[in-house]
Amino acid sequence: MENGKPQQNLEVLIKQAEILRLPPKLLWFALPGKNLVFADAQSAAESRDKILVASTGMDTSELVRRLRLSSVDDATIDAMHIMVEQMCCEYSHGDAQELAVKGRRWLTKVTELLSQRLTLKQHQEILNNAGMLALLVGCLEYDLGDQRSAESTRRMAMSLGKESNDPMIMGWAHEMLAWFHLTAGNFRAVIPAAETGILAASSQSVTVQLHGQQAKAYARMGMPNEARAALERGSDLLGTLPYPERPENHFVVDPDKWDFYAMDTYRIAGEDDLAKRNAEEVIRRSVTPNGFNISPMRSTEAELTLAVVAARQGDVEQAAALGIEALLHGRQSRPSLLMVASELDNEFATHGSNAGSDFRELFSGIKRATQINTAGENQQ
């Protein structure tokens, strides 16, 4: 391939990329069911501008110009809110590094406005937007393995939520702490962190996810009855809430997201049939009719769930293939990925030292790279 003539047939290129298991982010074309990162980043920016222009009459450059001039009026704040919400909607599929950089820049711009002369309503709305940006940036930092920065940004979000007295922002700040504990293996610490968030957020959408975090922790502590009870509490509350206007927003919980949480709990509890059914549904809902993966992180964990079930049923070859495909997804949350992939690694160990060797070799390399990157980021 390297010494021959350049391949001109796109179908052949796609097939070669799939056989060689090349990460989608390294390709200039999209694989079936995968997201083309660079094209999507451009289309996301275009989408933000179209929404801004349609809703407020100004595009991103005009919004930035007004913020630089500290021209704070209702139209500017409305545009800011739309921009922040759209970025939260891009979390699930956008490039994490690029979105984190953009989020930090906007967070700086928005917080600088708090020193301006504002009406009480304007001050409240700017605080809320700053809080949402801090939540978004903190999640992205944690996905990228920068745990120290993520915790610092989470605390900033909590402070902004308390200042604005916004139960949703405070609830999500507690949810992030529960998530940090879960992926770090501190399962017992998840329960009080989530409970504090439940008390702070009352019947907000985030409360559903807090119950889900508790269910995940209980399942991993070998407490299936408590896990089911937590799932039931979350499901009951979800049934009372209106369907969100923007279900793609990372900071809302919809039935699709809840199926994803239940999938994780069923897998840990050993309820393989339920885990498999939920995983297949998560994957189906993650891909649009035109093949765009709108939830690559969810589908990654769903593929790992199917791999775990296959390994438990003795189909080691299928489990390894599914596991490798999951590890090569472009958009990842490193801590969550490592947590779930380690479960598959443990399942292979029960079949002998050579079982799933390709997956285990790739997984070991990812763990080593993550440890090196995390150490470097924490030193910085």
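The lining of the second largest cavity brings together two nonpolar, four polar and two charged residues. The model described here is a predicted one, and this cavity makes a good place to start reading it. In total, the structure holds three cavities of 30 Å³ or more, and the second largest has a volume of about 50 Å³. Rolling a probe the size of a water molecule over the atoms shows where empty space is left.

The walls of this space can be picked out residue by residue. The second largest cavity is lined by Met-297, Thr-300, Glu-301, Arg-331, Gln-332, Ser-333, Ser-336 and Leu-337. Two elements, helix H14 (296-312) and H16, each give two or more residues to this lining. H14 gives the most, with three residues.

Attention now turns to the aromatic rings. The model has eight aromatic pairs. One of these joins Tyr-142 and Phe-180, with ring centres 4.1 Å apart and 25 degrees between the planes. Pairs with planes under 30 degrees apart count as stacked, and the pair of Tyr-142 and Phe-180 is stacked. This pair links distant parts of the chain, since Tyr-142 belongs to helix H6 (residues 120-143) and Phe-180 to helix H8 (residues 167-183), 38 residues apart. Are these two rings buried or exposed? Tyr-142 has a relative accessibility of 4% and therefore counts as buried. Phe-180, at 9% relative accessibility, counts as buried too. The cut-off behind both statements is that buried means under 20% relative accessible area. Tyr-142 and Phe-180 also form one aromatic cluster together with Trp-179.

A second pair shows another arrangement. The ring centres of Phe-348 and Phe-359 lie 5.6 Å apart and their planes meet at 55 degrees, so this pair is tilted. Because Phe-348 lies in helix H16 (residues 334-349) and Phe-359 in helix H17 (residues 357-379), the pair ties together parts that are 11 residues apart in sequence. Both Phe-348 and Phe-359 are buried. Helix H16 may sound familiar to the reader: as noted above, H16 is one of the elements giving two or more residues to the lining of the second largest cavity.

Aromatic rings can also be followed through their charged partners. Where does Lys-109 lie with respect to Trp-106? Lys-109 lies over the face of Trp-106, at 5.6 Å from the ring centre. A similar description fits Lys-216, which lies over the face of Tyr-261 at 4.3 Å from the ring centre.

Methods: Residues numbered from 1 in each chain as written. Predicted model: local features only at pLDDT ≥ 70, side-chain atom pairs only at ≥ 80, totals over all residues. Heavy atoms only, no water. Phe/Tyr/Trp six-rings, centres within 6.5 Å; stacked < 30°, edge-to-face > 60°. Helix = DSSP H or I, 4+ residues; strand = E, 2+ residues; numbered from the N terminus. Buried < 20%, exposed > 50% of the residue type's maximum accessible area, 1.4 Å probe, protein only. Lys NZ or Arg CZ within 6 Å of the ring centre and 35° of its normal. 1 Å grid on protein atoms, 1.4 Å probe; cavity = no way out; pocket = protein on both sides within 12 Å on 5 of 7 lines; lining within 4 Å. Points joined across faces, edges and corners; volume = space filled by probe spheres on them. Nonpolar A, V, L, I, M, F, W, Y, C, P; charged D, E, K, R; others polar.
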